[in-house]
Each structure stands twice: as C-alpha cells, then as structure tokens.
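Let's take a stroll through this model, starting with its pockets and moving on to the backbone, a sheet and some aromatic rings. Have the viewer open as you read.

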Amino acid sequence: MQRLGDKDNNNNDDDNNNDSTVPLNAETGAIVPVQTEENQVSTVVVAPQKYPKRSNELVRVTNLSIEDQRYFREIVRRTRMLYDALRIFSMADEERRSGPGSGRRGRGDLKAAMRMRDRNLWLNRDKRIVGSIPGVYIGDMFYFRMELCVVGLHGQIQAGIDYLTSSQSSNGEPIATSIIVSGGYEDDDDAGDVLVYSGHGGHDKLGKMSNHQKLEGGNLALERSMHYGIEIRVIRGLKKYDGSITTKVYIYDGLYRVVESWFDVGKSGFGVYKYKLIRIEGQPEMGSTMLKLARGLRTRPLEYRPVGYLTLDLSMKKDSMPVFVFNDIDNDQEPLYYDYLARTVFPPFVFAGANMGCECVTSCNDGCLCGMKNGGEIAYDQSGFLLRGKPLVFECGPHCSCPPGCRNRVSQKGLNHRLEVFRSRETGWGVRTLDLIHAGDFICEYAGVVLTSEQAQLFTMNGDSLIYPGRFAEKWAEWGDLSQVFPEYVRPTYPSIPPLDFAMDVSRMRNVACYISHSTSPNVMVQFVLYDHNNILFPHLMLFAMENIPPMRELSLDYGVADEYTGKLSICN
C-alpha cells in the first residue's frame with residue numbers, strides 16, 4: 001500500500017507501485033497527513049462513534065501476491081454474501097410482520113447495510129483507497145447503491161462523485177476516487193473506453209438544470225485528481241436490465257484517468273463542468289460490455305458469435321431452457337456425445353412408503369405441513385430466493401394440494417437460467433451464465449443416475465464417471481449465516497439427515513451441471529431437496545447461487561474430497 005498525494009505520483013499505474021505503505025513528507029504535497037496516536041485518541045474522546053467514520057488517509061494497494069488476491073476476494077465474497085442474505089432476511093421478516101399482499105415494501109437494502117455498519121462490517125473504512133479495491137473484480141455487479149458503500153467501492157449513497165473533501169485534506173484540495181455513470185445527465189457522452197462526464201450541481205428538485213455549476217466539491221475534486229494523475233474507479237448504472245430485481249444494476253468497469261476538464265454551455269443553456277476520462281489500458285473487458293454481449297447472445301447468438309457454437313440446445317428441448325455449447329479453442333465436441341438427463345433418476349424403491357402432502361389451497365405458509373417439515377418455516381421468500389441453507393429442504397410435491405405457483409415449489413421446475421457450456425484453456429469444459437443470477441436464486445439440478453453403494457463399487461471398477469453427493473462441501477451452511485450480525489444465530493440442524501451413501505453415474509447420461517468447474521471459493525452451492533418422495537437418504541442435488549453472478553461469468557462448485565485413487569476431484573470432466 002502507498003499513501004498518496006504528491007504530484008510526482010501521477011504516472012504510477014496500479015501494477016507499477018511498491019507494495020509497502022510509505023508516509024509522504026508534507027513538503028511533497030501529500031494529500032493526507034498520517035494521523036498521530038495523539039490525534040486518534042483525542043478523536044475518540046471528543047466524538048465517540050458506534051461505528052468508525054471513513055478514513056481521510058488515501059492509499060493505493062499494489063503488487064498483491066496471488067495468495068493476497070485470493071484472501072481479499074474471499075473477504076469481499078463473504079461480506080457480499082452476508083449483505084445479500086441479510087437483505088433477503090429483512091424483506092422476509094417485513095413480509096411476516098405485515099402479511100403477504102399488504103403492499104408494503106421495506107428497504108431491505110438499507111436495513112442490511114445499517115445493521116452491518118453498526119457491527120463495523122463495512123469494508124475499507126480504515127483507509128480510503130485510490131485505484132482498485134482489493135477483492136473487487138472488474139465486472140462485479142451490484143443491485144443496490146448501499147452495497148457499493150458496504151464494500152468501499154463508492155462511498156456516497158446518492159452523489160455520483162465520491163471524493164475526499166478539502167477539509168479532510170492536508171493541503172485543502174479535494175480528491176475524487178470514483179464516479180457512477182448512470183446516463184441521467186443530458187451532457188454526459190459515454191463511449192465506453194472514452195467518457196465525457198458532466199459535473200454535479202445546478203439541478204432543481206426535478207433533476208433539471210436550473211443554474212450554472214460551480215467549481216467546488218466533487219467538481220473541483222475531479223479537476224484535482226486530473227492534476228495529480230489519480231485514477232478514478234468507474235461504476236456504470238444500467239436501467240431495466242433483464243432479470244434484475246431492481247430498476248437499475250451497477251457494474252464496476254475499472255479504472256480511468258481524467259485527461260481534460262473544461263467549462264461549457266450545456267444542452268439546457270446553463271454552464272456545466274465537463275471531464276474527459278480515458279480507460280487505462282491492460283484491464284479486463286468492461287463489465288457493461290459483457291452485459292450487452294450476453295443480452296445479444298440470449299436472443300441472437302449467431303449474429304453476435306457466428307463461429308464456435310456446437311449446438312444451441314444441448315438438452316434437445318428436454319430441459320426448460322436451451323443450453324448452448326460453445327468452443328472456439330479446439331475441436332473437442334465431448335458434450336455432444338452424452339444423452340441429456342434433465343432430472344435425476346432414482347431407483348424404484350426410493351419412492352416406496354407413505355407420502356403425505358399439505359392441504360393448502362393457495363400458497364403454503366410457515367404453519368402448514370410442508371412448513372413444519374422444514375422446521376416451522378418455508379425455505380424460500382415470496383420471490384423464490386433461498387432464505388438460508390439447511391441440511392435438507394422439503395418442497396411441496398405431487399401429493400400436496402397447493403397450486404404449481406406455490407412459493408414452496410422452486411427447484412422442481414427445472415433449469416431456471418440460460419447457461420452455456422464452453423471450452424476453456426484453464427478449466428477444460430466449464431459453464432457460464434447468460435443471465436443475471438441473484439444470490440439465493442435456484443439455478444439447476446445436478447442430475448445423474450442414482451446408484452447404491454454396492455452398485456457404485458461395480459461401476460467404479462469399470463472406470464465409469466461417478467459423483468458422490470456426500471463429498472460436496474457443506475457450503476449451504478454459509479448461505480444465510482447471520483452470526484456476525486445476530487450473535488444468537490444458530491446454524492440450522494433440522495431437518496437432519498444421515499451421511500449420504502450413494503453415488504450418481506454421469507458416464508452416459510448427464511446434464512449441464514456436470515460441466516461446472518471446481519473451486520474452494522465457489523459462487524454456487526449444493527442444497528439437498530426432497531419433493532417427489534420422502535426418502536431422506538436420496539435427496540435431489542439442487543444448485544443455488546451464493547452471490548450475485550453477472551452474465552458471462554463462470555459457475556463453480558466445491559466438489560469436496562478428492563478421489564482416493566486418482567487424487568483428482570470426482571467430476572465428470
């Protein structure tokens with residue numbers, strides 16, 4: 001890390017700086033002084049806070065090792081997972097108190113953020129970071145402005161320019177660190193890598209220009225960032241993106257530099273400050289570009305990528321949505337050689353025994369039979385998002401009286417998002433999403449032909465590809481874990497199930513899930529579910545998102561224990 005501020009730093013890119021934290025002498029024009037221990041103590045005495053204020057110390061984090069990058073990514077991943085789970089919990093709690101259909105829509109995003117702030121769980125409050133935020137990747141997508149504040153990507157709840165104020169700066173000059181481009185200003189001109197951004201101010205309550213802008217606040221901060229050569233994080237807000245639960249999504253597009261600023265007459269006839277920003281070279285593709293590509297592929301795949309598709313539906317209409325297969329790397333066509341299996345095939349004896357169902361007329365609730373099977377609460381909220389992971393989830397099934405639209409019928413409906421099997425140089429065959437997938441949302445089933453342990457031994461001798469459900473890491477326990485916010489939170493233990501002792505054969509028949517790659521920090525988890533039978537020894541393997549997954553991002557699972565003979569993970573690819 002490096003403390004920033006002198007003009008001599010204006011040619012330093014993210015990957016060209018020393019990785020240590022070096023205090024800059026005041027004579028060099030440092031933006032922020034290093035706080036002394038005496039100042040820190042006096043601040044606490046004079047103005048005690050339930051949570052720490054944002055730091056006024058600018059730093060740049062550089063030269064992170066691979067281990068450091070993974071460490072920070074895991075911190076961001078877990079923080080965002082907690083935020084999403086807490087937001088969904090807050091919304092469900094509001095629904096329980098006010099009743100379904102009441103019309104009241106609580107601000108779960110605000111409640112989640114405030115609860116995390118009160119627990120000091122916001123990230124990057126102790127330093128104000130210039131440049132890339134460790135653990136936040138280009139292309140990361142956010143549904144709410146508050147989440148940008150939680151991870152420290154953009155610290156302003158409403159303002160489009162985030163900056164260090166002049167009163168916090170040692171030389172009295174404000175410094176901008178990030179901007180949000182939402183297309184709301186008539187004088188903006190966004191061409192992707194080149195952006196003309198108009199300053200703030202001069203608008204009335206309706207958002208129309210009614211006055212000249214002034215060179216102060218965020219406007220002056222952008223000008224000073226240009227002067228000192230400080231890079232700006234750019235977050236784009238896209239309206240009405242397909243599949244979004246909000247009217248706008250925010251995507252992080254990387255670092256830009258302000259190369260020019262001027263005062264101009266805007267389209268409304270009032271004076272506007274404008275800033276030309278150019279994206280720094282050598283960064284991954286912009287997230288907003290990938291969103292636009294995915295939107296085109298969903299409707300006109302051959303127009304956007306004329307070469308590389310092996311098929312536009314691997315499932316041959318057996319699944320609820322088509323599954324693309326794409327390979328522009330080599331001539332491998334392996335996914336085409338297997339029969340597609342949309343649902344897991346269980347032995348007939350699994351369905352033996354009594355099967356009781358609820359008698360609900362409309363939708364199930366926490367007090368009905370199926371709710372009681374789940375420990376007194378339906379596992380999903382009104383939008384179908386998993387509230388928290390459990391050892392086992394009971395959904396309504398064929399013996400229940402509730403309609404197909406019951407909120408306790410989620411994972412049984414088949415593939416829920418448009419996916420693409422693709423060839424990768426890093427992972428061989430992998431799976432990426434063409435849709436925007438919300439944290440807690442159902443994706444698809446991991447399907448195969450179920451074998452008893454005795455059958456599995458025989459198939460293993462033949463070299464067949466087997467999946468062992470009992471080996472999947474229990475990532476379900478992480479989703480919905482609110483122990484950092486509510487100390488009394490207890491990890492769900494009901495409904496409890498014994499260790500699973502069966503395997504699934506995917507050597508001849510399989511579905512899209514079999515091509516998902518392994519990761520110890522996955523974005524997808526396995527949740528065991530029962531709906532068409534009540535044999536807890538043979539649950540379905542349903543896959544749910546552990547985080548918000550933007551279009552064109554690869555899906556990953558933690559397959560758990562390595563195969564004892566080959567030393568590799570027991571996955572089909």
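## Pockets first

Helix 2 gives the second largest pocket four of its lining residues, the largest share from any element. Before going on, a word on ground rules: this is a predicted model, so to speak, with local features needing pLDDT of at least 70 and side-chain atom pairs counting only at pLDDT 80 or more, while totals for chains, interfaces and linings use all residues. Residues are numbered from 1 along each chain as its sequence is written, and side-chain values use heavy atoms, with hydrogens and water left out.

A pocket here is an open set of points on a 1 Å grid over the protein atoms alone, where a 1.4 Å probe fits, with protein on both sides within 12 Å along at least five of seven lines; lining residues have an atom within 4 Å of a point. Volume is the space filled by probe spheres set on the points, which are joined across faces, edges and corners. Helices (H or I, at least four residues) and strands (E, at least two) are DSSP runs, numbered from the N terminus.

That second largest pocket comes to about 890 Å³. It has 39 lining residues, and Arg 107, Arg 145, Ile 157, Lys 248 and Tyr 250 sit nearest its centre. Besides helix 2, the elements that each supply at least two lining residues are helix 3 (108-118), helix 4 (145-151), strand 6 (175-181) and strand 10.

The largest pocket has a volume of about 1500 Å³. Among its 49 lining residues, Gln 69, Arg 73, Val 136, Tyr 137 and Ile 138 are the closest to its centre. Helix 2 (66-98), strand 10 (248-265), helix 6 (287-299) and strand 23 (517-518) each bring at least two residues to this lining. Here too helix 2 has the largest share, with six residues.

What classes of residue line the two pockets? In the largest pocket there are 20 nonpolar, 17 polar and twelve charged residues; in the second largest there are 15 nonpolar, 14 polar and ten charged. Nonpolar covers Ala, Val, Leu, Ile, Met, Phe, Trp, Tyr, Cys and Pro, charged covers Asp, Glu, Lys and Arg, and the others, Gly among them, count as polar.

## Backbone oddities

The peptide bond from Tyr 494 to Pro 495 is cis, with omega near 0 degrees. Pro 495 belongs to the loop between strand 20 (466-467) and strand 21 (502-505).

Asn 124 isn't a glycine, yet its phi is positive, at about 60 degrees. You'll find Asn 124 in the loop between helix 3 and strand 3 (128-129). Met 552 also has a positive phi, near 75 degrees, and sits in the loop between strand 25 (540-545) and strand 26 (556-557). Are these two buried or exposed? Asn 124 is partly exposed, because its relative accessibility is 26%, while Met 552 counts as buried at 13%. For the record, buried means under 20% relative accessible area, exposed over 50%, and partly exposed in between (1.4 Å probe, protein chains only).

## A four-stranded sheet

Four strands make an open sheet in the order 12-13-16-17, with mixed pairing. Strand 12 (309-311) and strand 17 (428-433) are at the edges with a single partner strand each, so one side of each has no neighbour in the sheet. From one strand to the next the twist averages 30 degrees, taken from axes that are lines fitted to C-alpha atoms, with angles running from 0 to 180 degrees between N-to-C directions.

Strands pair if DSSP finds at least two bridges between them. Strand 16 (residues 419-424) and strand 17 run antiparallel and are joined by six bridges; one bridge pairs Glu 420 with Arg 432 in strand 17. The two strands form a hairpin with three residues between them. Five of the six residues of strand 17 are buried.

## Aromatic pairs

Rings of Phe, Tyr and Trp (its six-membered ring) pair if their centres lie within 6.5 Å; planes under 30 degrees apart are stacked, over 60 edge-to-face, and the rest tilted. That gives 13 aromatic pairs, including these two:

| Pair | Centre to centre | Angle between planes | Type |
|---|---|---|---|
| Tyr 446 and Phe 472 | 5.8 Å | 65 degrees | edge-to-face |
| Phe 502 and Phe 538 | 5.2 Å | 35 degrees | tilted |

Tyr 446 lies in the loop between strand 18 (442-445) and strand 19 (449-452), and Phe 472 in the loop between strand 20 and strand 21, so their pair ties together parts 26 residues apart in sequence. Tyr 446 is buried at 0% relative accessibility, and Phe 472 is buried at 7%.

Phe 502 in strand 21 and Phe 538 in the loop between strand 24 (524-530) and strand 25 link parts of the chain 36 residues apart. Phe 502 is buried at 3%, as is Phe 538 at 9%. Finally, Tyr 309, Phe 324 and Phe 326 form one aromatic cluster.
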